[in-house]
Amino acid sequence: MKKICIPYKWELVILLWIAFFFNQADRQIFNVVLPMIRDDLNLTDADMGLVASVLTLVYGLLVPVAGLLGDKISKKKIIIVSLVVWSGATLLTGISTTLIELIFLRSIATGGGEAFYSPSANAVISENHGENTRATALSIHQTALYIGIISSGYIAGALAEIYGCIYNRLLLNIL
């Protein structure tokens with residue numbers, strides 16, 4: 001059996017593509033289950049708008065900071081810390097019970113963690129790909145955004161419908 005050997009620069013694109021897919025999937029999933037979160041936490045539409053606005057504000061403010069840091073310290077370390085922070089914050093967002101917890105975990109921690117990913121990931125891809133493959137590598141990486149948004153929206157909606165119904169039935173039986 002012949003061993004397939006993928007050059008490091010393309011392994012890098014594949015791994016970063018997977019990370020970027022989950023970055024974008026996380027954002028889309030939240031939007032799909034927004035009505036269920038709102039109802040579960042007894043929040044208003046204005047509260048949910050605040051959560052989304054703070055996430056965008058934090059992300060927008062921190063992306064330039066992430067770029068500056070990426071020029072000064074290890075981009076690979078920034079990517080790893082970013083993945084750990086946003087993954088942990090996303091996990092903890094699921095146990096939020098108040099608006100303040102949701103804003104902190106979803107908007108500040110998740111948004112902040114996600115903000116640090118792209119500048120360093122794009123730089124690492126660019127550093128490992130020369131003029132002949134750089135644009136191709138960056139465009140392949142970018143497809144994770146669209147595939148993450150499209151596929152996770154559908155999957156999250158289906159799961160929310162299934163598990164939301166199960167949760168509601170269990171709750172009704174208990175009450």
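Contact here means heavy atoms within 4.5 Å. The model shown in every view is predicted.

**View 1. The whole chain is built from helices, with no strands.** The protein chain holds 6 helices and 0 strands. Read along the sequence, the pattern is α-α-α-α-α-α. The C-alpha atoms fill a box of roughly 60 × 45 × 20 Å, taken along the principal axes. Of the 175 residues, 37% count as buried. Among contacts with a separation of 6 or more, 81% are made by residues 24 or more positions apart.

**View 2. The largest nonpolar core draws on several helices.** This core has 16 residues. Leu-16, Phe-20, Ile-79, Tyr-117, Ala-121 and Ile-125 touch the most other members. Four elements give two or more residues each: helix H1 (8-40), helix H3 (75-93), helix H5 (117-128) and helix H6 (134-174). H1 provides the largest share, 7 residues.

**View 3. Leu-16 and its contacts beyond the local sequence.** Neighbours within four places in sequence are left aside here. Leu-16 is then in contact with Ile-79, Tyr-117, Ala-121, Ile-125 and His-141. A second core is separate from the largest one and has 13 residues. Its members include Val-54, Leu-99, Ile-103 and Ala-160.

**View 4. Trp-17, Phe-21 and Phe-22 form one aromatic cluster.** The model has 4 aromatic pairs in total. In one of them, the ring centres of Trp-17 and Phe-21 lie 5.7 Å apart, with the planes at 15°. Planes under 30 degrees apart count as stacked, so the Trp-17 and Phe-21 pair is stacked. Trp-17 and Phe-21 are 4 residues apart in helix H1, and therefore about one helical turn separates them. Their accessibility falls in two classes: Trp-17 is partly exposed at 22% relative accessibility, and Phe-21 is buried with a relative accessible area of 17%. Phe-21 also pairs with Phe-22. That pair is edge-to-face, at 5.2 Å centre to centre and 80° between the planes.

**View 5. The charged end of Arg-27 sits over the ring of Tyr-59.** The distance from the charged end of Arg-27 to the centre of the Tyr-59 ring is 4.6 Å.

**View 6. Gln-24 is a buried residue of helix H1.** Gln-24 is found in helix H1. Its relative accessibility is 5%. Buried means under 20%, so Gln-24 counts as buried. Leaving aside neighbours within four places in sequence, Gln-24 is in contact with Ala-144, Leu-145 and Ile-149.

**View 7. The largest pocket is lined by 32 residues.** About 900 Å³ of space lies in this pocket. Ile-29, Val-33, Met-36, Ile-37 and Gly-94 are the lining residues nearest its centre. The elements giving two or more residues to the lining are H1, H3, helix H4 (99-115) and H6. H1 gives the largest share of the lining, 12 residues.

**View 8. Asn-42 has a positive phi in a loop.** Most residues other than glycine have a negative phi. Asn-42 is not a glycine, yet its phi is about 55°. Asn-42 is found in the loop between H1 and helix H2 (45-72). At 68% relative accessibility, Asn-42 counts as exposed.

**View 9. Ala-123 and Gly-67 lie 9.1 Å apart, C-alpha to C-alpha.** In sequence, Ala-123 and Gly-67 are 56 residues apart. The place of Ala-123 is in helix H5. Ala-123 counts as partly exposed, at 23% relative accessibility.

Methods: Residues are numbered from 1 along each chain as its sequence is written. This is a predicted model: local features need pLDDT of at least 70, side-chain atom pairs count only at pLDDT 80 or more; totals for chains, interfaces and linings use all residues. Side-chain values use heavy atoms; hydrogens and water are left out. A nonpolar core is a set of buried Ala, Val, Leu, Ile, Met, Phe, Trp, Tyr and Cys residues joined through side-chain atoms within 4.5 Å. Buried means under 20% relative accessible area, exposed over 50%, partly exposed in between (1.4 Å probe, protein chains only). Rings of Phe, Tyr and Trp (its six-membered ring) pair if their centres lie within 6.5 Å; planes under 30 degrees apart count as stacked, over 60 as edge-to-face and the rest as tilted. A charge sits over a ring if NZ of Lys or CZ of Arg is within 6 Å of the ring centre and within 35 degrees of the ring normal. On a 1 Å grid over the protein atoms alone, a cavity is a set of points where a 1.4 Å probe fits but cannot get out, and a pocket is an open set with protein on both sides within 12 Å along at least five of seven lines; lining residues have an atom within 4 Å of a point. Grid points are joined across faces, edges and corners, and a volume is the space filled by probe spheres set on the points.
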